[in-house]
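Visitor: Could you take me closely through a single part of this model, the open sheet, and then add a word on the cysteines? I would like the reasoning spelled out where there is any.

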Amino acid sequence: MSLIVTNIGELVTNDPEHGIRHDAAVVVDGDRIAWVGPASAAPAADLRLDADGAAVLPGFVDSHAHLIFAGDRAAEFGARMAGEAYTGGGIRTTVAATRAASDEELRRNARRLVAEALQQGTTTIEIKSGYGLSVPDEARSLRVAGELVEETTFLGAHVVPAEYADRPDDYVDLVRGEMLDAAAPYAKWVDVFCERGAFDGDQARAILKAGAERGLGLRLHANQLGPGPGVRLAVELGAASADHCTHLDDADVAALAGSDTVATLLPGAEFSTRSPYPDARRLLDAGVTVALATDCNPGSSYTSSMPFCIALAVREMGLAPTEAVQAATAGGAAALRRTDLGRISAGARADLIVLDAPSHLHLAYRPGVPLIRHVLQHGAPR
C-alpha cells in the first residue's frame with residue numbers, strides 16, 4: 001500500500017540532493033520512502049495525507065536513553081534545585097528499585113516512555129540497561145528493551161553497585177565476563193560510564209574491548225562531570241559515539257574531528273543538573289558530527305522530548321535551529337550508524353513527522369508547545 005504526503009509547506013530532507021524544499025510531496029511504499037520531489041510531479045498513490053502547508057521532517061532519532069527502570073528520583077531533583085550538586089550517586093537508588101520490580105513493571109514503564117517519545121516525534125529510540133548491575137538483572141533489562149526497540153545497549157558498567165564498593169576490579173571482571181556473556185545475546189551495543197566515581201579509562205577500555213570481541217558496537221559516556229580520558233578513548237577504539245562531551249579540551253575536539261565518532265550531546269542532563277552546557281558550536285565548527293538525544297532517565301534527565309532538547313540546543317549550546325534539527329535526526333542516525341534513518345530520500349525508512357507549524361524553526365521558536373500533528377513510523381500512522 002502506497003501513501004502520498006502532499007501539500008507540504010516545508011520539507012526538511014537532510015539529503016544533499018533535496019535540501020529543504022517547499023510545495024513538496026513524499027511518496028511512501030510500505031515501510032520505505034519511494035519518491036521525493038515537487039508536488040506537481042508526484043506519482044499516484046493509494047492513500048493521501050494532506051500536510052495542509054505544514055512542515056514535514058524525518059522522525060527524531062534518540063540515540064541515548066535509559067528506559068528500563070523502576071521508581072523515580074523526584075526528591076533528588078528537588079534537592080538539586082535547592083542547591084545540592086549532582087554526583088551521579090543516585091543511580092544506586094534506581095538500581096535498588098529496578099532489582100525489586102517485576103519484568104512486567106519494567107516492561108510497562110518502558111512501554112509508556114517509548115509511547116510518550118513517539119507522540120513527540122521520536123520514531124527511533126535506543127534503550128540502555130544499567131539499572132540492574134547483576135547478571136540476571138542486566139540480562140532481563142535488555143530482554144525487555146529488545147521487546148520494544150531495535151537499538152539496545154548493555155551498560156552493566158554504569159556504576160559499581162554497593163555490594164562491590166570495596167572490590168571495583170572484581171566488578172569489572174564480572175561485567176566483561178559472566179555479565180557480558182548473559183547480556184550480549186540481547187544487546188547491539190556496549191557502553192561504559194567513563195567518569196570519576198564510576199569507571200576509569202583502563203577499566204572502560206577493558207570492558208569495551210570485551211564487548212567488541214562478542215560482536216557488539218561501542219558507545220561511551222564521556223567527559224560529563226569533568227575532563228577525562230573518555231572522548232579520546234572512544235575515538236581510539238572507533239566507538240560510534242561519545243556521549244555528553246561537556247568538558248572538552250582542544251585535543252578532545254581535534255580527536256573527534258579526525259574520526260567518525262559522533263559527539264552526542266544531552267542538554268536535558270545539563271538542564272536537570274544545572275551543569276554547564278556543551279559547546280555544540282565549537283564542535284560543529286571543528287567538523288565534528290553532532291547528535292542530540294534526551295538521555296531520558298529518572299535521575300539526571302527525566303524527559304522524553306526531543307523538541308525540548310532541540311530548543312535547549314538552540315538557546316544554550318550555540319546551534320541554529322536547522323543544525324539542531326539535523327542533530328536530532330541525521331546526527332542521531334549517525335550515532336547509531338544507521339544510513340536508513342534521519343533523512344527523507346528514496347530508500348530511507350518511512351519515519352516522518354508532520355508539524356503543527358509551517359517551519360522547523362517553530363521547534364525552537366515555540367518551546368514547550370506540542371507541535372507534532374502526525375507521525376509515520378515504518379510507513380504507518382501512529
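Guide: What follows describes the sheet and then turns to the cysteines. The model is a predicted one, and the values given here are computed from it. In the open sheet, four strands are arranged in the order S5-S4-S1-S6, and their pairing is mixed. Strand S5, covering 32-38, and strand S6, covering 47-50, stand at the edges, and because each has a single partner strand, one side of each is left without a neighbour in the sheet. On average, and with direction ignored, neighbouring strands of this sheet are turned by 20 degrees against each other. Within that order, strand S1 (residues 2-8) is paired with strand S4 (residues 24-29) in the antiparallel sense, and five bridges join the two. One of the facing positions can be named here, since you may wish to find it in the view: Ile 8 stands opposite Ala 24 in S4.

As for the cysteines, the structure holds zero disulfides. Cys 194 takes part in no disulfide, and the nearest cysteine sulfur to it, that of Cys 245, is 12 Å away. Seen from the other side, the sulfur of Cys 245 has its closest cysteine sulfur in Cys 194, and because the separation is 12 Å, it is too far for a bond; the cut-off used for a disulfide is a pair of sulfur atoms within 2.5 Å. Cys 194 counts as buried because its relative accessibility is 4%, and Cys 245, with a relative accessible area of 1%, is buried too, the limit for that word being under 20% relative accessible area.

How values were computed
Residues are numbered from 1 along each chain as its sequence is written. This is a predicted model: local features need pLDDT of at least 70, side-chain atom pairs count only at pLDDT 80 or more; totals for chains, interfaces and linings use all residues. Side-chain values use heavy atoms; hydrogens and water are left out. Two strands pair if DSSP finds at least two bridges between them. Axes are lines fitted to C-alpha atoms, for helices over the stretch in contact, and angles run from 0 to 180 degrees between N-to-C directions. Buried means under 20% relative accessible area, exposed over 50%, partly exposed in between (1.4 Å probe, protein chains only).
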